[in-house]
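Student: Please take a close look at one part for me, since I am new to this structure. I would like one connected answer that starts with how the strands are paired and then moves outward.

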Amino acid sequence: MTSVRDYDDRAVADGLNDALARNGGPFDRAAWRQLAAGGWLHMLAGGAATPAEELARLISPMERWGTALAPGPALLTLAWILPVLRAGQAEQLADDIARGVVVVTATRELTSVDADPEIRAVRDARRWRLSGQARLVPWLPDADTVLVLASTAGGTRVVAAVPAAGAGVRSTPDETIDPGVSIGDLVLDGALADLVIEADAAVLRAAAATYSLALDAQAVGGAAELIARTVRYVTDRHQFGQPVGSFQAVKHRLADMVTVTEAARALLWLAADRLASQPLDPPWEDIDASRVSCGDAFRKVAADAIQCYGGMGFTWEEGIHLYYRRALVAGSVLGDVEAAARRLVRHGTGRSGVKT
Amino acid sequence: VSSTLRLALRQFLAENLPSEWSDTRSVASDYDSLALVRREWGQRLFAGGWAAPVLSRAVGGLGLVGDDLVAYFEEMAASGAPEVLNSNAIGILAPVLAAYGSAEQRGRVIPAMLAHDVLWCQGFSEPDAGSDLADLRTRAVSAVGGWRVRGQKVWTSNALHADYCYLLARTDPAASAHVGLSLMMLDMRQPGVEVRPLRNMAGTDEFCEVFLDDALVRSEDLIGEPGDGWRLASFALEQERASMLGQRALRMSRELADAYVLLGAERAARVERELGRVHAAVRASEAAARRTLTLIALGRSPGVLAQVTKLHWSLTHQRLLDVVADGVGPEFFADGRSRGWAHAMLFSRGETIYGGTSEIQRNLIARSLGLPRSRR
């Protein structure tokens with residue numbers, strides 16, 4: 001455990017770089033299919049290893065999803081949807097997703113560790129009908145199918161797949177400030193489920209943990225990219241006859257950006273290692289602390305990068321704002337930093353931070 | 001291997017570390033008793049053979065590397081054991097002597113240092129040479145039997161208790177700043193050495209001013225050659241500083257757990273937002289420290305992670321004490337009830353200053369990014 005691993009699989013990182021070369025805009029189906037064709041949506045589904053073990057092995061190249069700002073529900077798909085569907089033996093749907101044919105999203109109740117379902121599943125002859133609602137479902141407007149968490153009359157929990165547009169499904173599309181993350185509210189009124197799988201608590205916990213760390217990798221990768229770009233910018237940009245990067249006020253801001261990023265990265269790697277060794281019993285204190293550290297680091301670094309770029313940082317063309325937008329949305333809608341921070345305090349005061 | 005070492009160390013700690021020593025907060029406000037504890041702890045570690053984890057076996061250390069060394073750091077941090085009184089000299093001077101000292105110096109100095117029979121302090125900083133250490137002014141002039149040293153040292157931890165001081169002095173005023181310095185060992189118990197305790201803002205006399213008025217350094221107490229001082233002092237300094245500060249960061253998790261006990265659920269809820277952030281930051285500091293220590297243990301340079309760890313730990317520790325104070329409320333500052341916490345808060349203001357100020361750390365981090373040099 002204590003030996004230092006570099007986690008740097010160059011080939012994977014370079015491949016991801018190429019696959020994500022042009023990105024940052026709204027969801028694009030053609031680009032999505034290409035990404036799928038490259039195998040990137042099931043990059044954690046390798047061989048005999050669990051997704052958590054793969055994540056630890058690939059934690060450094062996983063940062064490339066943040067360098068280029070992961071498109072659509074890519075991280076959700078590879079870290080949560082595919083592992084859960086495969087564990088539930090929904091192979092057909094999983095294969096279609098991995099090939100990029102079907103785009104699937106999941107409600108935030110499903111991917112968080114401490115939410116209760118607001119959707120009920122009722123058996124109707126041989127089909128399941130779903131009623132209830134889910135708010136702020138990421139990528140709902142872009143998805144063909146949405147996975148929801150539902151409770152049955154018998155008190156069990158199930159993961160159900162419903163078509164995003166169909167009888168009994170009302171979807172209210174919206175945008176977020178991040179062009180790469182659309183969002184929508186979902187109301188189900190007796191909608192027929194395409195597929196229902198039993199929600200194995202251990203599988204859901206492992207998937208939630210893996211997705212949380214995948215978001216962390218995106219955050220650290222985004223922050224590292226911004227630091228590199230900012231260093232280049234303040235080295236080239238001259239004022240008062242010298243590079244603005246020679247001024248201590250600028251240097252110290254960059255040093256603080258590095259500090260929060262590197263500390264967050266160290267914790268992410270530690271959490272990934274520990275999760276890999278116990279995927280069915282995730283180390284939630286580490287995972288939540290990593291979520292808070294990485295999410296906050298990304299947000300701070302993005303804000304500071306804009307400041308270091310001066311007026312240019314405030315322009316649309318320079319594109320720094322895309323990272324700031326992603327940091328804000330990924331730290332709330334996708335992997336809620338505030339919720340993770342509250343769980344840490346619950347953990348610290350001896351009340352369980354996470355429902356088990 | 002490391003689990004064997006871990007178990008042996010755990011057993012030693014269970015048998016030799018009194019539980020009241022594990023909570024240095026409770027004695028931190030009384031520096032003299034803390035120094036006695038740290039000395040006796042050093043003696044006990046020496047007796048058990050655990051005094052010097054990094055130092056090579058040839059000179060009486062454990063010579064630990066890799067997983068074993070990390071295990072040592074982790075177990076020590078988890079136990080809450082205080083730092084031994086000679087920790088600075090064991091970490092910095094002993095390896096310099098092992099590598100560059102004479103056989104006579106090694107045999108005379110190192111065992112007594114490890115045993116805590118002879119107590120040491122470090123004379124580097126001066127009133128006009130702090131962050132810019134190479135600008136130091138203390139002069140050593142060749143004289144009968146050795147060198148006569150004249151000047152003033154400051155921030156000298158433990159000088160009141162120390163028998164010896166290892167110091168940097170300028171032996172060649174004509175040479176450039178780094179080249180004219182020499183590293184020497186000074187007997188503190190002689191005329192010409194005056195120690196004045198310097199009361200710190202926490203109200204204890206941990207560090208001192210040392211006035212040197214033609215104090216004698218014997219010929220046999222020069223380390224290496226005249227003019228080698230800067231090179232020799234740097235040899236173990238950066239690594240040891242990174243290691244020592246990393247170990248302090250590892251201890252912070254224990255303090256976080258104590259903080260939750262002090263706060264209790266209700267008061268923790270009052271400061272939930274900041275406390276959750278601090279909790280995460282403590283874990284991040286610890287992870288950075290663990291990585292720094294692991295790289296050191298593997299004989300690799302921690303690079304910028306050393307500065308990142310120091311900066312992150314010192315700032316996070318201050319935030320931790322702030323949020324505990326805010327959560328506890330006025331009672332926090334009632335001495336009888338806070339049991340050292342308020343004093344720890346005062347002490348923590350020094351942590352962003354000693355061992356390289358936050359500003360120096362940021363300069364070094366910026367340098368590692370390749371940012372253009374400035375005048376400072």
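Tutor: In chain A, strand β2 (residues 119-124) pairs with strand β4 (residues 145-152) in the parallel sense, over three bridges. Strands here are DSSP runs of E with at least two residues, helices are runs of H or I with at least four, and both are numbered from the N terminus. Two strands count as paired if DSSP finds at least two bridges between them. Across this pairing, R120(A) stands opposite S151(A) in β4(A).

This is a predicted model, in which local features need pLDDT of at least 70 and side-chain atom pairs count only at pLDDT 80 or more, while totals for chains, interfaces and linings use all residues. Residues are numbered from 1 along each chain as its sequence is written, chains are lettered from A and ligands numbered from 1 in the order in which they are written, and side-chain values use heavy atoms, with hydrogens and water left out.

β2(A) also has strand β3 (residues 127-138) of chain A as a partner, and that pair runs antiparallel with six bridges. A121(A) of this pairing faces L130(A) in β3(A). The two strands β2(A) and β3(A) make a hairpin with two residues between them. One of the residues in that turn, A125(A), has a positive phi of about 55°.

From β3(A) the pairing goes on to strand β7 (residues 182-192) of chain A, in the antiparallel sense and over eight bridges. Here Q133(A) has V187(A) in β7(A) as its bridge partner. β7(A) is in turn paired with strand β6 (residues 169-175) of chain A, again antiparallel, over seven bridges. E175(A) is opposite S182(A) in β7(A). β6(A) and β7(A) are joined by a hairpin through six residues. Following the partners named so far, β4(A) pairs with β2(A), β2(A) with β3(A), β3(A) with β7(A), and β7(A) with β6(A).

P138(A) gives a link from this part to a loop elsewhere in the chain. Its C-alpha atom is separated by 15 Å from that of D28(A), and the two residues are 110 residues apart along the chain. D28(A) lies in the loop between α1 (10-19) and α2 (29-37) of chain A. With a relative accessibility of 40%, D28(A) counts as partly exposed (buried means under 20% relative accessible area, exposed over 50%, and partly exposed in between, with a 1.4 Å probe and protein chains only).

A second loop residue of chain A has a backbone angle to look at. L69(A) is in the loop between α5 (64-67) and α6 (74-87) of chain A. Its phi is positive, about 60°, although L69(A) is not a glycine. L69(A) counts as buried because its relative accessibility is 4%.

The helices of chain A come next. Helix α9 (residues 201-236) and helix α11 (residues 284-309), both of chain A, have axes that come within 8 Å and cross at roughly 25°. The axes are lines fitted to C-alpha atoms, for helices over the stretch in contact, and the angles run from 0 to 180 degrees between N-to-C directions. The 26 residues of α11(A) should span 38 Å at 1.5 Å a residue, and its end C-alpha atoms are 37 Å apart, which agrees; the expected span is 1.5 Å times one less than the number of residues. Of these 26 residues 20 are buried, so α11(A) is largely enclosed by the rest of the structure. Just after α11(A) comes G310(A), with a positive phi of about 60°.

Further along chain A, V337(A) belongs to helix α13 (residues 337-348). V337(A) has a relative accessible area of 5% and is therefore buried. Between V337(A) and V103(A) there are 26 Å in space, C-alpha to C-alpha, and the two are 234 residues apart in sequence.

Chain B can be read in the same terms. Its helix α9 (residues 272-297) has 26 residues and reaches 37 Å from its first C-alpha to its last, close to the 38 Å expected at 1.5 Å a residue. In α9(B) 23 of the 26 residues are buried, so α9(B) is largely enclosed by the rest of the structure. Just after α9(B), G299(B) takes a positive phi of about 80°. In strand β3 (residues 146-157) of chain B lies W155(B), which has a positive phi of about 60° although it is not a glycine. At 49% relative accessibility, W155(B) counts as partly exposed.
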